[in-house]
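Me: I am new to this structure and want to know what the terms used for it rest on. Please show it, then take the terms one at a time.

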Amino acid sequence: MLRRRRPVDVRALAAEHLEAGRPTGWFEPLYARAFGDRTAIPWAQDGADPAVLDWLDAPVATPPGDRAVVVGCGLGDDAAALARLGWTVTAFDVSPSAVRWARRRHPKAAVDWQVADVLDLPADLLGRFDLVVEVRTVPSLPGVVRDHAMDAIGRLAAERGLVLVVTLLATDAEVARRWVGPPWPQAPSELAVYRGSGLTRLALEHAPADDDGTVTARVTWQRPAGVPATDGAGPGSALPIV
Ligand SMILES: C[S@@+](CC[C@H](N)C(=O)[O-])C[C@H]1O[C@@H](n2cnc3c(N)ncnc32)[C@H](O)[C@@H]1O
């Protein structure tokens, strides 16, 4: 007799790894235990994120070239969409199972799929990209590693390169403090870390807030000309947000 597979309790799985000091350790078992069933991955959509597609349709500014990177690419739909639009795309995820899945799901996509950890980035990725796309990876990380992750994301951008961030924000600090994640909505003040890695904010757009006190926001940053990826105050810097 066939038995239904029990869905993974994502919060319990994350809590178990967090308690053991492995803040990103829960992603790999989640993807591996999904056995190719997209509906078992809570954030997976069928297609690229609409906030990314809209932005690509009418970008806030023009990226200086065609090299794009997708951080925490998951099943790879955003990366495949960028490749279809003519971008030269690198996409990485910390989970080897996710990267294998993305490759299988998009066999014809001209994407350089990589297993890589944004908290320990290969040096050859730094400062290399005209467009950095980060969709909901940071709010899936606990506070203890978030500054580091945001700083590293900013450092992927080449001079004049753009960083497109789609994230979940809490409308006030109390909502962020009481939230049981993942995901853990970001306090707006956290976004200042991108400035610490040398970026300038070009736009902050968001839909109306949900009743639960969260809002999805799309933020566009730029690495100014003359500010290489090696510059900046580094993770944890508390520069005021512009
Ligand atoms: C909430 S999911 C979002 C996935 C994808 N961006 C999307 O919108 O469908 C976060 C993704 O980031 C990946 N991730 C988490 N920590 C990471 C890290 N340190 N380096 C690279 N990827 C990471 C996870 O494996 C997961 O695929």
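Reply: A polar contact is a pair of N or O atoms within 3.5 Å; within protein, one must be able to donate a hydrogen and the other to accept it, and residues adjacent in sequence count only if both atoms are side-chain atoms. The model is predicted, so local features need pLDDT of at least 70 and side-chain atom pairs pLDDT 80 or more, while totals for chains, interfaces and linings use all residues. Residues are numbered from 1 along each chain as its sequence is written, and side-chain values use heavy atoms, with hydrogens and water left out.

Me: What makes the approach of Val135 to the ligand a polar contact?

Reply: A backbone N or O atom of Val135 is 2.8 Å from a nitrogen atom of the ligand. That is within 3.5 Å, so the pair counts. Val94 also offers a backbone N or O atom, 3.2 Å from a ligand nitrogen. In Asp93 a side-chain N or O atom lies 2.6 Å from an oxygen atom of the ligand. The protein buries 95% of the 590 Å² that the ligand exposes when taken alone (Shrake-Rupley method, 1.4 Å probe; for residues, only the protein chains shown count as cover).

Me: Which residues come nearest to the ligand?

Reply: There are 18 residues around the ligand, and Tyr31, Asp93, Asp117, Val118 and Val135 come nearest. A residue is near if one of its heavy atoms lies within 4 Å. By class, this shell has 10 nonpolar, 5 polar and 3 charged residues.

Me: How do you know where the ligand sits?

Reply: The ligand takes up the space of the largest pocket. A molecule sits in a pocket if more than half of its atoms lie within 2 Å of the grid points. A pocket is an open set of points on a 1 Å grid over the protein atoms alone, where a 1.4 Å probe fits, with protein on both sides within 12 Å along at least five of seven lines; lining residues have an atom within 4 Å of a point. The largest pocket holds about 720 Å³, and 37 residues line it.

Me: What makes the peptide bond before Pro182 cis?

Reply: From Gly181 to Pro182 omega is near 0°, and the bond is cis. Another cis bond joins Pro182 and Pro183, with omega about -5°. Most peptide bonds are trans.

Me: What is notable about the phi of Phe35?

Reply: Phe35 is not a glycine, yet its phi is positive, about 50°. Most residues other than glycine have a negative phi.

Technical notes: Nonpolar A, V, L, I, M, F, W, Y, C, P; charged D, E, K, R; others polar. Points joined across faces, edges and corners; volume = space filled by probe spheres on them.
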